[in-house]
Structure formats: C-alpha cells, structure tokens
Amino acid sequence: MNRISITPRPDWEAKIKQQGFVYYEGYYNENAAYTFSAAEVDAIEAATTELFDRCLDVVQHVIDHNLWDEFFIPNEYAELIKWSWDNDNPSFYGRFDLAVSADCSQIKLLEFNADTPTSLLEAAVIQWYWLQDYNSTFDQFNSIHEKLVAHMKVCKPWLYGDTKLFFACVINSEEDFMTVKYLQDCADQAGLANDFLYINELGIQDQFPDAPFCTANGEPVLNLFKLYPYEWMFHESFGPMLSAKRDRTLIIEPPYKAILSNKMLLVYLHKLFPNHPNILPAFYGTAPTGDYVKKPVYGREGNNVSVVKNGTVQEASDGDYGEEGFVYQQYFELPKFDGNSAVIGSWLIGGESAGMGIKETTGLIHGNMSKFCPHYFK
Amino acid sequence: MEPGMKKSSKVILGAMFFMAVNACQEKKPDWITGYGDGKPTDTAFNGQHYRYYNNGWYPIYNGMICPGYYRRPFFYSEISSPGFFAAPPAGVPHSGGGGVTTGGFGGSAHGSAGE
C-alpha cells in the first residue's frame, strides 16, 4: 500500500459534480491516490469475508443469549430483530472500516458501519470514473455498482407484494440524499419499481393500525429502504410500529443490523474470538492496558472519540454521544504516508466483499474531516 | 466484469439519478437551528412550534427553521391568531389529511444520518 501524488484532472470538479458527488467540498482529494498490489487487495478481500462471517456469529450469539441489555437495545425490539434474522431478511450493503499495515500483512477491524453507511457513491462511481481517465488499464478493487444491481435483482422475490421499493433519507443532508438516490438508481437498473420519500414523510393510517406504513398521501409503503439508523428509530414515536407492521412493510436494512452497527459488536467479537488476527481487543467501560481508542457505544462519524497513548489523551473529538457508555478498543498504529493515515472502507454488497474506498486524515481520529482519495492496483 | 479485473466493467447512471443531481444543484434555502448565543426562544400556537429568529417567528420542523423559504418572519400577532397556518417548505411532513400521521421518524437527525 502506498500513497502517490497525482495531478487532478483539469475539469475534475465539473465531472464529479455531474456524477452526483455534490458534497465533495473539503472532503475529496484528487491530488493523491492510494496504490496496492494484487496480493494486498486479495488480503483485504479475504479479511472482509472472514470478518463478516465472525460478525454474523456475534449476531447469533446475541440472539441465543438475549444480550439486548448489553447492546443497549430496548427489549421490546428483541422479537423483531430475531424475526428478521431467522427470516434472513434482505440486506443491501455494509462497510467495514479497516486499519491496515503498509504491507497489508496486518488488517484489523475498527468498526462496522452496517446499518447506514455512506461514502458509497464516491467508492462505487466517482473513483471508477477517475480511473477511466487516469489509466483504464489499471485495476481497482471496486465492483460495488455491478454487485449492487445484481444483488437487488436477487432480492426482488423477498419484497412484499408486487409494489414499489421506497427509498428514504433525512431531509437536510445532500450526502444522504445522493446516497439514497444512487441506490434507487441501482434498483431501477435492477428492474425494481421504486420511489422516494423523506423519512419524516413516512406515515401511518390513523384508523387502520394493521395497515402498512404509507406516504403522506396515504399510498401504502410495502417495501422501504431507509438511510436512518435503528438506534434512532427505536426511540422515536413510530418505533413501536416497526414490530406491529413487520408483516406489512419490509424494511431494508433489516432490524438485526441494530446488533451489527453497534460498537458493542467490537467487544463481543473480541470476547468470542480473542486471538483472531483481524480483531482488536475491545472492552466495555474499562480501558485496556496500553494505548487505546475510546468510542461511544452509539457514536457516529468519529464524534466523542478519544485516542489515548502513553496514558494521555492525544486527540479527542466532541459531540453528543456517549449516553450508553464507551467501548475501549486497543489502538492500532496506522502507517503514515506524507503525514496522512488512511482507513480502508471495505464494502459488502449482499454479504459479499465488493470493493473499497480510502479515507485519509492528518489527525488520529477518522471522522467527518477525513478526505476520500481514489485508488488502484496493479 | 472484465476477465481478471476486480472493477465493475461499466458504471452507468440513469436519468433518475441525474434528476437528483440537478435537484441538489438548485439553490435551496438552508435549514438552520436559529440558535444565537444562547438558548433560542420558542413558542407554540395551534399545535405548531415557532422559533424567534431575525426579529420574527419561524415554524420549527425537526428542531430546525428555514428562514430562506419565507419572504419575511411572521409577527407574534399572526402566529397567535386562531387558525393561523404557515405552509411548510417542500418535503416537510404535515398532518396530511385523510387520516395519515407523518413525522414519527426523523426527529433525531440533525444533518446526515449516515456513517
């Protein structure tokens, strides 16, 4: 793995905006690219597959042992989560954040963005088009688009009724809007009838408690992809409807993602697989010996994270998370490239390793100040 | 995929996606908290909450206000009038009529819900 300086395309801004990357300012870096060997990419792909299998083992363990309190999941949603797991409800995607040594001999899971991952468009589309301009004979670990369209075709029989799949996100985020619109476009290419609404436009029929969710105009929503996390949905006024309407409205990602997107996953991965080469020691509420990273159980985008080395806080981010306590994960020293350290966002589409996107930062915490860089391998 | 390659052989984006891109590039009024230096002044009439901002009152949706959508802020005498209703910006849930309740999800978000 290496970082090289490159010359941005003269018309790069116009191109990426046209390709939907309208939220690139301060986030995209086309002055550098990351390069890999084929063997390094194979190692990342293999680690991704292995880690996903172990994560699924944790889900089974949580369900078998009713660890809802340990995962800060309200007990009233246990049945819904079990049902979605036993039923193998469809999932489109997820992204591991991986720490990788310079030669990729060490690959460690930092976290699993299993429920509401973004940075999808730039990984699937933007860097792919960049490579066509840069050198189309080079390879890139990125079949995300192809796999998304193919997987959505596979998911079609799981959808409720012969009706639309609605895509929903929050109203005030361009990044979320374009992520969802990209997924909706993939669904369109997969031959799925589709529509869009904002998550706060999702409604219920007051007089018909057994009816599916609906649009503000009363159109039934039998299938819903939502870029909105379960940990928020569980505590909002429609939360109880998730269980009541589970046979009326199919929701993607499935409810069992509430276990996978939870930082307690890291603790239980370590508990169940203590010597696993891809899993860092992680504990709830207690710092390990040595250097560590403290993360809120329900943290997002690097908020409320502290990096502690030699007993002192080296870097800390603020935010509103931490009410459920903190997970302490052993620190892994990322290699530096021109003062930058990179985290690999390794994508799973339908549970299969599908590609990666790289984000770099000059600091220790990878949050929403990190910058996306394209990559290729030879 | 091309033989031996790990990258997608083609990435094609459809008309629906480009319509979304165009929609994003149109100038839209910003949603803001309207917080000044301290806690904002909020009030409620006729089931609608309002926040005091820029010498007047704006309807609150999901904890945010959208001053750019309105020509001017509303006066207290307006919002306190029985039956007064300020039309919400596009995409904001409303009582809908026809027995539909919306707004039961979305209240926790202040910006992106992604990670």
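Across the interface of chain A and chain B there are 2 salt bridges by the rule used here. Keep in mind that this is a predicted model. One of those contacts is worth finding on the screen: the side chain of A:Glu45 meets that of B:Lys6, with 2.6 Å from N to O. Another count for the same two chains is polar contacts, and there we get 36 residue pairs, both members at pLDDT 80 or more.

Which element gives the largest share of the side of chain A that touches chain B? That is helix α6(A), with 11 residues. By residue type, that side of chain A divides into 33 nonpolar, 27 polar and 19 charged residues.

Now the extent of the interface. On chain A, 79 residues are in contact with chain B, and on chain B the number is 45. The two chains bury about 4800 Å² between them, and 56% of that area is on carbon and sulfur atoms. Three residues to mark are A:Trp128, A:Glu146 and A:Asn200, which supply 13% of the area that chain A buries against chain B, more than any other three residues.

The two chains also pair strand to strand. Strand β7 of chain A, residues 203-205, is joined to strand β4 of chain B, residues 100-102, by 3 bridges, and the two run antiparallel. If you want one pair to look at, take A:Gln205, whose bridge partner in β4(B) is B:Val100. As a reminder, strands of a sheet pair through backbone hydrogen bonds, and they do this either parallel or antiparallel.

Next, a sheet inside chain A. It is an open sheet of 4 strands in the order β6-β5-β8-β9, and the pairing is parallel. At the edges are β6, residues 194-198, and β9, residues 250-252, each of which pairs on one side only. From one strand to the next, the twist averages 25 degrees.

Within that sheet, β5 (residues 165-169) and β8 (residues 223-226) of chain A pair over 4 bridges in the parallel sense. Which residue of β8(A) is the bridge partner of A:Phe166? The partner is A:Leu224. Helix α6 of chain A, residues 174-189, lies across β5, β6 and β8, running at about 165 degrees to β6(A). We met α6(A) a minute ago, as the source of 11 residues on the side that touches chain B.

Chain A has another open sheet, this one of 3 strands, with the order β1-β2-β19 and mixed pairing. Here β1 and β19 of chain A stand at the edges with a single partner strand each, so one side of each is left without a neighbour in the sheet. Neighbouring strands are turned by 35 degrees against each other on average, direction ignored.

Strand β2(A), residues 32-36, pairs with β19(A) in the parallel sense over 3 bridges. In that pairing, A:Tyr34 has A:His375 as its bridge partner in β19(A). Two helices go with this sheet. Helix α2 of chain A, residues 38-65, packs on the sheet and touches β2 and β19, its direction making about 85 degrees with that of β2(A). Helix α4(A) lies across β1, β2 and β19 of chain A, at about 60 degrees to β19(A).

Back to salt bridges, for the whole structure. Over all chains there are 21. One of them is between A:Asp133 and A:Arg9, with the closest N and O atoms 2.8 Å apart. Why pick that pair? A:Asp133 lies in helix α4 of chain A and A:Arg9 in the loop between β1 and α1, so the salt bridge ties together parts that are 124 residues apart in sequence.

Last, two backbone details in loops of chain A. The peptide bond from A:Ile252 to A:Glu253 is cis, with omega near 0 degrees. A:Glu253 is in the loop between β9 and α9 of chain A. The other detail is at A:Glu301, where phi is near 50 degrees, a positive value in a residue other than glycine. A:Glu301 is in the loop between β11 and β12 of chain A.

Note on methods. Residues are numbered from 1 along each chain as its sequence is written. Chains are lettered from A and ligands numbered from 1 in the order in which they are written. This is a predicted model: local features need pLDDT of at least 70, side-chain atom pairs count only at pLDDT 80 or more; totals for chains, interfaces and linings use all residues. Side-chain values use heavy atoms; hydrogens and water are left out. Two strands pair if DSSP finds at least two bridges between them. Axes are lines fitted to C-alpha atoms, for helices over the stretch in contact, and angles run from 0 to 180 degrees between N-to-C directions. Contact means heavy atoms within 4.5 Å. Buried area is the accessible area (1.4 Å probe) that two parts lose on being put together, summed over both. A salt bridge is a side-chain nitrogen of Lys or Arg within 4 Å of a carboxyl oxygen of Asp or Glu. A polar contact is a pair of N or O atoms within 3.5 Å; within protein, one must be able to donate a hydrogen and the other to accept it, and residues adjacent in sequence count only if both atoms are side-chain atoms. Ala, Val, Leu, Ile, Met, Phe, Trp, Tyr, Cys and Pro count as nonpolar, Asp, Glu, Lys and Arg as charged, and the others, Gly among them, as polar.
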